[in-house]
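Grab the model and work through these exercises at your own pace. Try each task before you peek at the solution beneath it.

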Amino acid sequence: MRLAILAVLAACGDGGSSGNPSAQQFCVSETNRYRAMVGKPAVAESSQLEAYADTGAMVDFSSAPHDHFTMTDGGGIAMAENECPVQGNWMLAPGGDMAMLVGQCIAAFWSEGPGGGHYDNMTGPYAKLGCGIYQQGTGVTIVQDYGN
């Protein structure tokens, strides 16, 4: 499986970009805003989980959602994952605001409500969060990886 991941990473090296520091920080703060609404403590931004989520967003951009998380069993650090995949038509208009798109993604997770997997991850007993973003052209994959 490790070779499959490396092959996908090599295939992704055609002009896409990983990460967007301001949007990634917004992802954590917006998640904490939602958590506070239901009395959950804030999660801390984790650079280790963020790097893992960035790689996951890049890998999953060209494969199925959650492939990276599944193939690496959370990389030994991520316990839960939410994803807005490019396959779900997550697109950024030219000149668009990445933080706004991230906000729409997080709102979609939250709208599932209790019992919805994404919502339950957002309100789960986690201490840390890393948000990853991969963009190629107008297509975007956004990943949240939760850990302790």
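**Exercise 1: a bridge and its hand**

Work out the hand of the disulfide between Cys27 and Cys131 from the torsion about its S-S bond.

*Solution.* Step one: read the torsion about the S-S bond, which is about -70°, so this disulfide is left-handed. Step two: place the ends. Cys27 belongs to helix H2 (residues 21–37) and Cys131 to strand E4 (residues 128–136), so the link ties together parts 104 residues apart in sequence. (Helices, H or I with at least four residues, and strands, E with at least two, are DSSP runs numbered from the N terminus.) Step three: check the bond itself, where the S to S distance is 2.1 Å; a disulfide is called when two cysteine sulfur atoms lie within 2.5 Å. Step four: look at accessibility. Cys27 comes out at 1% relative accessibility and counts as buried, and Cys131 is buried with a relative accessible area of 1%. (Buried is under 20% relative accessible area, exposed over 50%, partly exposed in between, with a 1.4 Å probe and protein chains only.)

Before going on, some ground rules: this is a predicted model, with local features needing pLDDT of at least 70 and side-chain atom pairs counting only at pLDDT 80 or more, while totals for chains, interfaces and linings use all residues. Residues are numbered from 1 along each chain as its sequence is written, and side-chain values use heavy atoms, leaving out hydrogens and water.

**Exercise 2: the other cysteines**

Describe the link of Cys84 and Cys105, including its hand, and give the pairing of the bonded cysteines in sequence order.

*Solution.* Start with the sulfurs of Cys84 and Cys105, which are 2.1 Å apart and form a disulfide. The S-S torsion is 100°, and this link is right-handed. Next, locate the ends: Cys84 is in strand E3 (residues 80–84) and Cys105 in helix H5 (residues 98–110), distant parts of the chain 21 residues apart. Then accessibility: Cys84 is buried at 2% relative accessible area, and Cys105 counts as buried at 0%. Finally, tally up: the structure holds two disulfides, and numbering the bonded cysteines in sequence order gives 1-4, 2-3.

**Exercise 3: ring geometry**

How many aromatic pairs are there, and how are the planes of Tyr34 and Trp110 arranged?

*Solution.* First set the rule: rings of Phe, Tyr and Trp (its six-membered ring) pair if their centres lie within 6.5 Å, with planes under 30 degrees apart stacked, over 60 edge-to-face and the rest tilted. The count comes to four aromatic pairs. For Tyr34 and Trp110, the centres are 4.9 Å apart and the planes at 35°, so the pair is tilted. Tyr34 sits in helix H2 and Trp110 in helix H5, so this pair ties together parts 76 residues apart in sequence. Both Tyr34 and Trp110 are buried.

Now do Tyr126 and Tyr146: at 5.5 Å centre to centre and 40° between the planes, they form a tilted pair too. Tyr126 lies in the loop between helix H6 (117–122) and E4, and Tyr146 in strand E5 (residues 139–147), so parts 20 residues apart in sequence are tied together. Tyr126 and Tyr146 are both buried.

Last, join things up: ring pairs link Tyr34, Trp110 and Tyr119 into a cluster.

**Exercise 4: around Arg33**

Find the ring that the charged end of Arg33 sits over and the side chain that Arg33 meets in a polar contact of 2.8 Å.

*Solution.* The ring is that of Tyr34, with the charged end 4.7 Å from its centre. (The test: NZ of Lys or CZ of Arg within 6 Å of the ring centre and within 35 degrees of the ring normal.) The polar partner is Glu30; such a contact is a pair of N or O atoms within 3.5 Å where, within protein, one can donate a hydrogen and the other accept it, and residues adjacent in sequence count only if both atoms are side-chain atoms. Glu30 is in helix H2 and is buried, with a relative accessible area of 11%.

**Exercise 5: the nonpolar core**

Which element supplies the largest share of the largest nonpolar core?

*Solution.* A nonpolar core joins buried Ala, Val, Leu, Ile, Met, Phe, Trp, Tyr and Cys residues through side-chain atoms within 4.5 Å. The largest has 25 residues, and those with the most contacts inside it are Met98, Leu101, Val102, Met122, Val140 and Ile142. H2, E3, H5, H6, E4 and E5 each give it at least two residues. The largest share, seven residues, comes from H5. There's also a second, separate core of seven residues, including Ala53, Val86, Tyr134 and Val143.
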